[in-house]
Amino acid sequence: MNIKETLKKLEHTHIAEPQELLQIINDDSCDTQLFEAADRVRKSIYGNKVFIRGLIEISNYCKNNCYYCGIRCGNKNVERYRLTPDDILQCCKAGYALGFRTFVMQGGEDNYYTDNMLCDIIKQIKSDYSDCAVTLSLGERSKESYQRLYNAGADRYLLRHETASDKHYEMLHPTEMSFKNRIRCLMDLKEIGFQTGAGFMVGSPYQTRENLVNDLMFLKKLQPQMIGIGPFIPHRDTCFKNEKAGSLRDTLVMVALTRLLLPNALIPSTTALGTISENGRELGIKAGANVVMPNLSPVDLRKHYTLYNNKICMDTEAAEGLEALKMSMQNIGYEIVTDRGDYRA
């Protein structure tokens with residue numbers, strides 16, 4: 001079967017063998033057909049709608065020391081901050097007035113935020129804004145903790161698996177972190193009933209294209225409702241500071257293949273894509289993504305949540321730039337919508 005036939009089969013059956021995926025990843029001559037197929041599949045389910053999520057970066061403290069991350073605990077050059085519950089609620093208030101109906105609380109793994117504190121915040125948000133969804137992205141926790149957060153009203157949980165290869169995972173993380181525990185967390189989240197998000201970096205150190213195929217096959221088996229894919233971007237205060245960033249092309253290919261394999265998924269066009277290319281976010285949408293996440297965090301703190309170098313957090317990446325974001329999406333034929341943007345089975 002030639003590559004065009006493989007793409008046609010993938011578009012209509014959403015099934016592919018590993019060697020077929022590898023062939024597509026390795027052959028850039030079919031990129032246009034790939035992106036157009038992914039766009040058609042996304043439009044068949046979600047139309048031209050792009051869902052917005054209001055991102056609230058609650059803390060840049062983290063107990064982990066992941067080798068690629070700018071806010072790892074071993075980085076002494078970070079100016080640390082934490083948002084108070086009132087700060088978080090103020091971000092939600094501002095976001096709601098702008099039209100956001102999903103709030104994403106993201107942060108490092110910071111033990112300051114106990115289950116009790118997080119549950120109180122979630123309950124207050126759901127009480128104040130009953131038509132909104134609450135998404136959490138707060139790392140690895142116990143199943144009991146996840147259950148409490150779910151019972152408090154959290155709807156979704158994002159936890160990138162980062163890589164589906166245990167050996168590759170060990171190359172990116174210190175020994176006290178384990179691939180086995182990351183997968184345990186994802187399984188717990190799905191079992192509890194969260195709309196669950198996984199995802200990975202493209203172009204991370206030591207990554208092979210076979211690793212990328214493994215990521216796609218892992219996602220196909222896991223069937224998460226949300227999938228975050230972005231390029232690896234080095235940070236100046238990590239051991240990977242001199243590594244090159246993941247490429248725009250490879251990231252777009254992985255977004256498109258993910259859309260074809262999991263047609264109903266909610267897939268963000270990430271800030272990292274917009275960081276490596278001026279029109280990266282728009283290209284991500286055209287390659288099959290259907291979510292963008294403008295920043296609702298306090299303006300003066302955004303510069304301190306630096307997972308990688310040169311992260312963009314102003315202009316159309318910021319909640320204040322929502323009108324400009326709407327216009328940029330309209331210019332490429334898509335429409336920003338302000339409903340919760342739930343997963344469509």
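# Exercises on a predicted model

In strand E9, Ile336 is the bridge partner of Val50, and the exercises below, which concern a predicted model, begin from that pair.

**Exercise 1.** Work out which strands join E1, and in what order the strands of this open sheet lie.

*Solution.* Begin with the neighbour already mentioned: strand E1, residues 49-52, is joined by 3 bridges to strand E9, residues 335-337, and the two run parallel. Besides the pair of Val50 and Ile336, Lys49 has Glu335 as its bridge partner in E9. Next, turn to strand E8, residues 291-292, which is joined to E1 by 2 bridges and also runs parallel to it; here Ile52 has Val292 as its bridge partner. Putting these pairings together gives an open sheet of 3 strands in the order E8-E1-E9, with parallel pairing. The edge strands are therefore E8 and E9, since each of them pairs on one side only. As background, the strands of a sheet pair through backbone hydrogen bonds, in either a parallel or an antiparallel manner.

**Exercise 2.** Decide whether Thr238 is buried or exposed, and find which residues it touches.

*Solution.* First locate the residue: Thr238 lies in the loop that runs between strand E7 (226-231) and helix H10 (248-261). Then compare its relative accessibility, 5%, with the cut-off for buried residues, which is under 20%; Thr238 therefore counts as buried. Finally, list its contacts, leaving out residues up to four places away in sequence: Thr238 touches Tyr67, Tyr68, Cys69, Gly70 and Arg72.

**Exercise 3.** Establish whether the radius of gyration of the protein agrees with that of a compact globule, and describe the protein as a whole.

*Solution.* Start from the chain length: for 345 residues, a compact globule would have a radius of gyration near 20 Å, and because the protein has 19 Å, the two agree. The C-alpha trace spans about 55 × 45 × 35 Å along the principal axes, and the protein has 13 helices and 9 strands. Next, consider burial and contacts: 60% of the 345 residues count as buried, and of the contacts with a separation of 6 or more, 76% are accounted for by residues 24 or more positions apart. Then turn to the surface, where the accessible area comes to about 14100 Å², with 49% of it belonging to carbon and sulfur atoms. Last, take the charges: there are 43 positive and 43 negative side chains, and the centres of these two sets lie 2 Å apart.

Conventions: Residues are numbered from 1 along each chain as its sequence is written. This is a predicted model: local features need pLDDT of at least 70, side-chain atom pairs count only at pLDDT 80 or more; totals for chains, interfaces and linings use all residues. Side-chain values use heavy atoms; hydrogens and water are left out. Helices (H or I, at least four residues) and strands (E, at least two) are DSSP runs, numbered from the N terminus. The radius of gyration is taken over C-alpha atoms; the globule rule is 2.2 Å times the number of residues to the power 0.38. Buried means under 20% relative accessible area, exposed over 50%, partly exposed in between (1.4 Å probe, protein chains only). Contact means heavy atoms within 4.5 Å. Accessible areas come from the Shrake-Rupley method with a 1.4 Å probe; for residues, only the protein chains shown count as cover. Lys and Arg count as positive and Asp and Glu as negative; His and the chain ends are not counted. The place of a charge is taken as NZ of Lys, CZ of Arg, CG of Asp or CD of Glu.
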